Amino acid sequence: MKPTRLLILIITVIMLSGIIPVTASAEGSYTVTQTALICTAEHEHTEACRRPLCVTVSDSAGLLAAMNDVVPGGEITLKAGIYNLESVEPDKALTLCGEEGAIIVFAPETDRNSTGATNGFKFTKPFSGQFTLSNLTINGSGNNLALIRLANTSPEGMKLSLENCRLNNIRQSDATYSHAVSFEYKNGPAEYYFELMVKNCYINATSYSIGSGLDNGNPDVSRCSLTVSGTVFDTTGDRNGIYNIHAPKPFALLDVQDSEFKGAGGGIKYIYNDTNTVRINNNQFLLKEKQGDFTGSSSYAIMATVSGWNYATEMKGNNFKGQNCIAAVLKDMEVIWFPDGQAVNSPRLNNNGDSNITDAGSRYTHSVWGTNRNISVLTDFNIISGEMSFTVGDGAQTTGYYFNTLSSSGAYTNYTDYDAQYFTQDNPRHVVNTAARGGVTYITLADFEKANAVTRWNLDGIPFEYSDADNGFSAETDAVKVIIDKTQGIITVIPKAVGSAVLTAVVGGGEDSTDGTDHIGNAKTDRLYITVNEKNPDEDPADTSDTGALPYLAVSAAALLCCAPHILYKHHSKNAA
């Protein structure tokens, strides 16, 4: 059958038995190691159709010539050496793979502020397939805005993969920005289309390792994705690893796994809402190493602008020991719950039960830049005892309640001192500027007093009221009376008559219930079930033998606040081992 008249592109790869001699052009020379026949079905395959597919280069001119000549999907191997480049704008899928010692150096941008001229890889055009930079060191040489810039506005899109590369953009002689990978857009709105994958890289940038923020000129990246794994972010300046908080719309997908953030700046700054997916898992945050202390800086492991109740779609296994985690909250609610590794988080409210590695030095704050500046941040809430059982005539028994965990979760619990030195006017990210905010300073983390203020108690639906006589908040039914000391976190239960009652605490409010339960929006509920039994008439009043269940311990406020309060409740705590 004769072929149709349609032009059909046939790419036939011919493996050669030897190395093709060096191909030279006015632009530079390279060695071809593999070719492809690019023909149509209507023409006989001839040597005139042969194009370079895989080549090797050893100098800058040869690299540029090869990038122009090699067919889409081809590979360019860079021999060891220095490749001095200026502005490079790829327009097709290629792989640039370096042998050990291959270093690309982009020329300095000495006139950038006056001319706007920049150097680096600039991905502004769409193409099918993927452009890969592999096993390369890429350096800036002076005031380079970015080593790599992504700015494709065509819906056809483009893909870039960085694999086993070292990116260094730290040679900055003035106060300008110096990113490693940028998607800046300074003038007017823009919609970008790209997929960026970063795997097993080392990135060291004075400004943002990956991100945008120059004059807050940020594009719409809601059709873009960023996937990072096995990468070290070493920020030498007071900047960020990944920065995408001011974009008008967030990444459709932000996935950061098994990476390390260290330096003097921030870790990951991102947006999370109902339209995108954010997964931040199994990362190491070591952002205090170079500065020694948070005071006077804006260091953080994560800073999330959130419009929901969670920090991310999934956030687990991250090492947040000694780190600051910030949320700028856009929703009108009272509490956002952080997925702390030492707290028992609500699966519905706290990132589906995710947990992270934390200690007493972990801080959970909210940014003053969110629209809701009165939000509280907590990791958990628990009434220590799940149930209490009495016999008529018994005396009062006590238990307690806590926010976060009993001893070591975050900076604020009723068992951990309030860290007032952290929130100072020298640390402007975490307090409201009093001059700009009408003289009001907002402490961001929920201390015990603030957490109590958003906790609502009832006894079988009866609200608690303050009683001078009881020196606390009290409520009672026919069966029991309950007194809550909100200054110490102590609950006293006094039996009155045979019967039962349920003590309910709800922490946080905001919106209507979403699941048909007694949750108030993203509130967390806990209960103490109380039973008063009738005295057994056959029981010897003097008999004090053990009946198989230890009696509840009546403990003082001082005992509740001792160094190991959980010991007092190990026989009755819901969380007892």
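This note goes through the sheets, one hairpin, one helix and selected side-chain contacts of a predicted model.

1. **The parallel sheet.** Eight strands make up an open sheet, and their pairing is parallel. The order is β6-β9-β12-β15-β18-β21-β24-β27. The edges are β6 (81–85) and β27 (284–286). Each has a single partner strand, so one side of each is left without a neighbour in the sheet. Neighbouring strands are turned by 15° against each other on average, direction ignored.

2. **Inside that sheet: β15 and β18.** Strand β15 (residues 166–169) and strand β18 (residues 202–205) run parallel and are joined by 4 bridges. One residue pairing can be named: Leu-167 has Ile-203 in β18 as its bridge partner. There is also a cation over a ring to check. The charged end of Arg-166 sits over the ring of Tyr-202, 4.1 Å from the ring centre.

3. **The antiparallel sheet.** A second open sheet holds 6 strands, with antiparallel pairing. Read across, the order is β34-β36-β42-β41-β40-β39. Which strands stand at the edges? They are β34 (381–383) and β39 (465–467). Each of the two has a single partner strand, so one side of each lacks a neighbour in the sheet. From one strand to the next, the twist averages 25°.

4. **Inside that sheet: β41 and β42.** Strand β41 (residues 480–485) runs antiparallel to strand β42 (residues 490–495). The two are joined by 6 bridges. Ile-484 stands opposite Ile-491 in β42. For a charge over a ring, look at Lys-486, which lies over the face of Phe-473 at 4.1 Å from the ring centre.

5. **β37 and its two partners.** Strand β37 (residues 455–459) has two distinct faces. Thr-455, Trp-457 and Leu-459 make up the covered face. Arg-456 and Asn-458 make up the uncovered one. β37 runs antiparallel to strand β43 (residues 499–507), with 5 bridges between them. Here Leu-459, from the covered face, stands opposite Leu-503 in β43. β37 also pairs with strand β38 (residues 462–463), again in the antiparallel sense, over 2 bridges. In that pairing Asn-458 has Pro-463 of β38 as its bridge partner.

6. **The β37–β38 turn.** The hairpin of β37 and β38 has 2 residues between the strands. Asp-460 takes a positive phi near 50° there. This backbone angle can be inspected directly in the model.

7. **Helix α1.** The helix covers residues 60–69. Its buried residues are Ser-60, Gly-62, Leu-63, Ala-65, Ala-66 and Met-67. At the helix start, a side-chain oxygen of Asp-59 reaches to within 3.4 Å of the backbone nitrogen of Ala-61.

8. **Leu-37.** This residue is found in strand β3 (residues 29–40). Leu-37 has a relative accessible area of 8%. The cut-off for buried is under 20%, so Leu-37 counts as buried. Leu-37 and Arg-50 are 13 residues apart in sequence. Their C-alpha atoms are 4.4 Å apart in space.

9. **Cysteines.** The structure holds 0 disulfides. Two cysteines can be placed by their burial. Cys-224 is buried, with a relative accessible area of 2%. Cys-325 is also buried, at 0%.

10. **Aromatic pairs.** The count comes to 18 aromatic pairs. In one of them, Tyr-311 and Phe-338, the ring centres are 5.0 Å apart. The planes stand at 85°, so this pair is edge-to-face. The pair links distant parts of the chain, 27 residues apart. Tyr-311 lies in the loop between β28 (300–306) and β29 (314–316), and Phe-338 in the loop between β31 (335–337) and β32 (363–366). Tyr-311 and Phe-338 are both buried.

11. **A tilted pair.** The rings of Phe-381 and Tyr-401 have centres 6.2 Å apart and planes at 55°, so the pair is tilted. Phe-381 lies in strand β34 and Tyr-401 in strand β36 (residues 397–403), so the pair ties together parts that are 20 residues apart in sequence. Both Phe-381 and Tyr-401 are buried. β34 is also an edge strand of the antiparallel sheet.

12. **The aromatic cluster.** Tyr-311 and Phe-338 return here as members of one aromatic cluster. Its other members are Phe-233, Phe-261, Phe-285 and Phe-320.

Conventions: Residues numbered from 1 in each chain as written. Predicted model: local features only at pLDDT ≥ 70, side-chain atom pairs only at ≥ 80, totals over all residues. Heavy atoms only, no water. Buried < 20%, exposed > 50% of the residue type's maximum accessible area, 1.4 Å probe, protein only. Pairing = 2+ DSSP bridges. Polar contact = N/O pair within 3.5 Å; in protein donor to acceptor, adjacent residues only side chain to side chain. Disulfide = S-S within 2.5 Å. Axes fitted to C-alpha atoms, helices over the stretch in contact; angles between N-to-C directions. Phe/Tyr/Trp six-rings, centres within 6.5 Å; stacked < 30°, edge-to-face > 60°. Lys NZ or Arg CZ within 6 Å of the ring centre and 35° of its normal.
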